[in-house]
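I opened this notebook to keep track of what I looked up, one entry at a time. Have the structure open beside you and follow along.

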Amino acid sequence: MIVTATGLTRSYGTGEATVRALAGVDVEFPAGAFTAIMGPSGSGKSTLMHLLAGLDRPTSGSVVLAGTELADLGDKELTTLRRDKVGFIFQSFNLLPVLSAEENILLPLSIAGREADQPWVDRLIDAIGLRDRLGHRPAELSGGQQQRVAVARALASRPAVVFADEPTGNLDSKTSTEVMELLRRCVDEFGQTIVMVTHDPRAAAYADRLVQLEDGRIVRDGAPGAAAGTSRSDAVTHGV
Amino acid sequence: MRRVALRGLLARKTRLALTALAVALGVTLISGTYVFTDTIDASFDRIFSAAYKGADVVITPNDDVALSESSDDLPPIEGAVLDRIERIEGVENVEGSIFDQGGTFLTKKGEPFAAQGPKFVASAFDDERFGGFSYAEGRRPRTPDEVAIDKATARREGFSVGDSFEIQAEAPKQAYTISGLTQVAGVDSYGGAAVAQLTLPEAQRVTGKQGKYDEIDLAVAKGQDADAVSAAIRAALPKNVDVRTGAAEAADRTGEISDDLGFLQTGLLAFAGVSLFVGAFIIFNTFSITVAQRAREFALLRTLGASRPQVLRAVLGEGVVLGVLGSVVGLGLGILVASGLRALFKAFGFELPSTGTVLEPRTVYVSLGVGVVVTLAACLTPALRATRVPPVAALREGVALPASRSSRLAFPLALVLTGLGVAAMSVGLFAGLEESPALLLVGLGAGATFLGVALLSPRLVGPIASVIGRPIEALFGVTGRLARENTVRQPGRTAVTAAALMIGVALVTFATIFAAGGKSTIDAAIDAGLRGQAVLQNQDGFSPFAAGATRRVAELDGVERVAAVRFVQARVEGEGLAVSGVDTEAFPALYRTALPPLGDDSVAVSEDYAEQQGIRVGDTVALTTATAKRLELRVAGIVEDKGRLLDELTVSNDVVARDFGQRKDSLVIVGYSPGKATKAAIDNAIKADFPQVEALTAEEFKDDAAGQVDQLLVLVYALLTLTVIVAMFGIVNTLVLSVTERTRELGMLRAIGTSRRQIRRVIRYEAVITAQIGGVLGILLGLLLALLVTRTIDDFSLAIPYGLLLGLFLAAGAAGILAAVLPARRASRLNVLEALAYE
């Protein structure tokens, strides 16, 4: 298992104003799998991802990522763990506007002070198909291109797991497809483990497995095709 | 709309505090200067009022001829004048007194006082109505071996009644027993001066004024009209004395001090103006950034129906609140700074009196007025930009403000402004204008140049940042790279931030180069002129000293000759002019200059003055001396003086003694064969009796001069510190705003594994690069200023202190590091999740 969560709860606030975002979640993510997490707004899917990625700390329960219990780590160790073991893809791309596409891709390696594994980086660049635009800055790239750069950045340091937070949320359907196909390839060709939070059932359809959350609990866990259209939340999602 | 403006301010407290502080610091020095000088003024007013309260009429030597405003070293009044007054009807009591500046007092260890303040040897009055002194402890001196000193001096130097106190003035050093400690108007100190009272005959003897007086005070008999008696006295006395009522004399003295203070006040206000100017940059920058960040907010207001004037008023309203807030804080800080200034001057040996802090209404008006006006002026352009946000921007994300006409014109405007600035400075410096319009032109020109370069600098930020940033990037990798890129992201913002620091750095550079050049010029002048082996001077470095010391040295075995130089003043065609007296026999042998033989009625004229006035050899120069004598002197020669020792006019010392009433020496050149006499022997000859005088070899003389230049330089540095601090607040402010703007970026960086330390580094290096851009521009501008200004000084040997300038560049970087502390901490402590969700 790359990531294992056991008895995960997360509450915000105290006393009467307490909100339980996660009410006891047990979930495992095996290596090389592409998992989509879905659920309506407030279902706790983002909270779950933040806890799995070591961006937030659970109220109770445990997360083991690549063999490390996150609860034992201080801020410094968590930062190092995120740097070396985790890749991130954000809804709003979050590329640094002052760096070129290539520099953005290499950013995690630069931060770690590591030499780039050039053949690997070359494969990534070919995979995202932006070799001719490497010198451009994000402002000169389309949204889809920016998100493809972000995908390459997430994979650059060969992380144990990539977390993607609504990766198609800011994209139109054509570029969404491009990005999802790219993510699928990363899983198929490179054996990358990906955990993706999404609202978009079409995006979720690219995953191997769909975990559905409602009110802070997992209500369904299985193949994505079976789930579509059967859940109450799905109607909500389509409605948006 | 008013509420919107207030909300806008309160929502961002850090920024509000930092910007208000920029205003406040500018205002601080203004209010501090006023409080400081008003307080001194009031103290002297109090002292002089007390001193002349009991005197109906005061007779003093005429001070029309004195070049300096101070009337302290005027030739004394002849004793016969007193006799004549006694015979005038209506005079009840009359008393002559001594109040002589130029003595030296010794500490308990036998060293001259370290404090630079004036030292007066005075006589104690018999009539208690005169002089204004009272005895806080003990009593007045009654015998020739007694002295009363002011209580402040006694406390500072650790003397008490019964102790021995040594004085050296015209007469050799002598010890007295302290009989009492004085106060004036209930204050321990006589305006920061040290005053030693002796009996009248002893004071006359010590100061070499036997049978003469510095001042004559009188009381008129009951029932007599002081003005009428005063008029009668005026009619009976010669022209070289002034006759005034006690009140008029007090007002005159206070006026003299006010004039002196006016100079100090102008100087300090100039520094205050610079701080405020720098503060304006910061206000401008803060408003520009926040208006850009709040573009959507303004657009929303416009969509909801707010008019452009309403938006303008909302932003200007923020400016007013900020200006008032900052000015009030500045006013308050100024009162603290006034004491700080006093401490600063005291640290440099100038103790100034303070009897209670004086806050004039004028100080309040000016501080508030200037603070608010400057703030409004600085936020006008950003406010106008805010009005140009189109309402539709509310619906779009990441709107950029439309480029304004003014921003397109900025570059040509900057060039024109810089050109005009340099031109104005050049005209001011080289066109030979009167002093005050010239200074004004230079000041305005410098201001315009600063502004012009600041406007130009957005174009310079990129190139400079890439040069300065390279080594940082090479050393620190990606954090350095991000820092460098961040500085050039908003070149205008970085430019203004850097320009604020640039001004301080430019002035520090200018002062540094000027001082270094001054020192090497002095060195060169001493090398060019001095042929003697040693010089004698007052240990304070500038005052004249007892000629007895010179005679003592002249009599020493092995000393071949001594040449005394005396500096006096005269009035030529209504203008004050400096006159040097020289020993006609010894001087040419000890000083390299082609001085013509000078007789009793001849004068030598400096090359510059002769050229300026069109004077030729054989002409006659008519002048009036301090003793009100009119002299007509024949020009015996025009002197080229590479050593810069001699004044516009040079006469023989015999003429100085006879017609100018000056018997003290200002500088003495001593010639001896190194085998036969030594400097140590000279020291020994004068040490016991004339501790006031020190002997220096040529090298020591240079070091001494350099020390004086350095002392002045440190004072200038201290005053410029405030400007640099304001600029540092500017860096803090810009960084805090940039950090806010880049919150999501920082969140992403943290999420993908950037450590807090790395985040701090990015911010810190950005600050360093910004500060060093200011440093580079400032050093270059300072160099330009120094080159321009020193061109106007003849034979100025420009010595550029490269090491110091490099140090200054590094210091600018250090200032950046310091300024980055708070923003870096903020950036590194951002909550990653909140930062990622930030819009």
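Before the first entry, one term I needed: two residues are in contact if their C-beta atoms, placed from the backbone, lie within 7 Å. I also kept in mind that this is a predicted model.

**Entry 1: the antiparallel sheet of chain A**

I began with an open sheet of four strands in chain A, ordered 2-1-4-5, with antiparallel pairing. Its edges are strand 2 (19–29) and strand 5 (68–69) of chain A, and each of these pairs on one side only. I then looked at strand 1 (residues 3–12) of chain A, which runs antiparallel to strand 2 of chain A and is joined to it by eight bridges. Which residue of strand 2 of chain A stands opposite Thr9(A)? I found Ala23(A) there.

Next I checked what lies across these strands. Helix 1 (residues 45–52) of chain A lies across strand 1, strand 2 and strand 4 (60–65) of chain A. I noted an angle of about 125° between helix 1 and strand 1 of chain A.

**Entry 2: the mixed sheet of chain A**

I moved on to an open sheet of six strands in chain A, in the order 6-7-8-3-9-10, where the pairing is mixed. Strand 6 (86–89) and strand 10 (217–222) of chain A are the edge strands, each pairing on one side only. On average, neighbouring strands of this sheet are turned by 20° against each other, direction ignored.

At one edge I followed strand 6 of chain A to strand 7 (residues 161–165) of chain A: the two run parallel and share four bridges. Here Gly87(A) stands opposite Val162(A) in strand 7 of chain A.

I looked for helices on this sheet too. Helix 5 (residues 143–156) of chain A packs on the sheet and touches strand 6 and strand 7 of chain A, its direction making about 170° with that of strand 6 of chain A. Helix 6 (residues 173–190) of chain A also packs on the sheet, touching strand 3 (34–38), strand 7 and strand 8 (194–197) of chain A. The direction of helix 6 makes about 155° with that of strand 8 of chain A.

**Entry 3: where the chains touch**

How many residues of chain A are in contact with chain B? I noted 21 residues of chain A, in contact with 17 residues of chain B. Helix 2 (75–85) and helix 3 (101–112) of chain A each supply at least two residues of the side that touches chain B. Helix 2 of chain A gives the most to that side, with six residues. By class, this side of chain A has 10 nonpolar, six polar and five charged residues.

**Entry 4: two helix pairs in chain B**

I looked first at helix 2 (residues 13–51) and helix 10 (residues 361–387) of chain B, whose axes come within 9 Å and cross at roughly 160°. That crossing angle makes helix 2 of chain B roughly antiparallel to helix 10 of chain B. Their crossing is right-handed. Among the residues that meet are Val23(B), Gly26(B) and Val27(B) from helix 2 of chain B, and Val366(B), Val370(B) and Gly371(B) from helix 10 of chain B. The residues of this contact divide into eight nonpolar, six polar and two charged.

The second pair was helix 12 (residues 435–476) and helix 22 (residues 756–791) of chain B, with axes that come within 7 Å and cross at roughly 130°. Helix 12 and helix 22 of chain B are therefore oblique to each other. This crossing, too, I noted as right-handed. The contact of helix 12 with helix 22 of chain B has 16 nonpolar, four polar and one charged residues.

**Entry 5: domains and a hairpin in chain B**

Chain B is divided into domain 1 (63–239), domain 2 (456–530 + 697–839) and domain 3 (547–689). The centres of domain 1 and domain 3 of chain B, taken over C-alpha atoms, are separated by 30 Å. I found 10 residues of domain 1 of chain B in contact with 16 residues of domain 3 of chain B.

Last, I followed strand 16 (residues 559–572) and strand 17 (residues 575–582) of chain B, which pair in the antiparallel sense over eight bridges. Their hairpin has two residues between the strands, and Glu573(B) takes a positive phi near 50° in it. Ser580(B) in strand 17 of chain B stands opposite Phe567(B). Strand 17 of chain B also runs parallel to strand 21 (residues 649–652) of chain B, joined by four bridges, and there Ser580(B) stands opposite Thr650(B).

Note on methods: Residues are numbered from 1 along each chain as its sequence is written. Chains are lettered from A and ligands numbered from 1 in the order in which they are written. This is a predicted model: local features need pLDDT of at least 70, side-chain atom pairs count only at pLDDT 80 or more; totals for chains, interfaces and linings use all residues. Ala, Val, Leu, Ile, Met, Phe, Trp, Tyr, Cys and Pro count as nonpolar, Asp, Glu, Lys and Arg as charged, and the others, Gly among them, as polar. Axes are lines fitted to C-alpha atoms, for helices over the stretch in contact, and angles run from 0 to 180 degrees between N-to-C directions. Angles under 35 degrees count as roughly parallel, over 145 as roughly antiparallel, 65 to 115 as roughly perpendicular and the rest as oblique. A crossing is left-handed if the near helix is turned anticlockwise from the far one by less than a right angle, and right-handed if clockwise. Domain bounds come from an automatic or database domain assignment. Two strands pair if DSSP finds at least two bridges between them.
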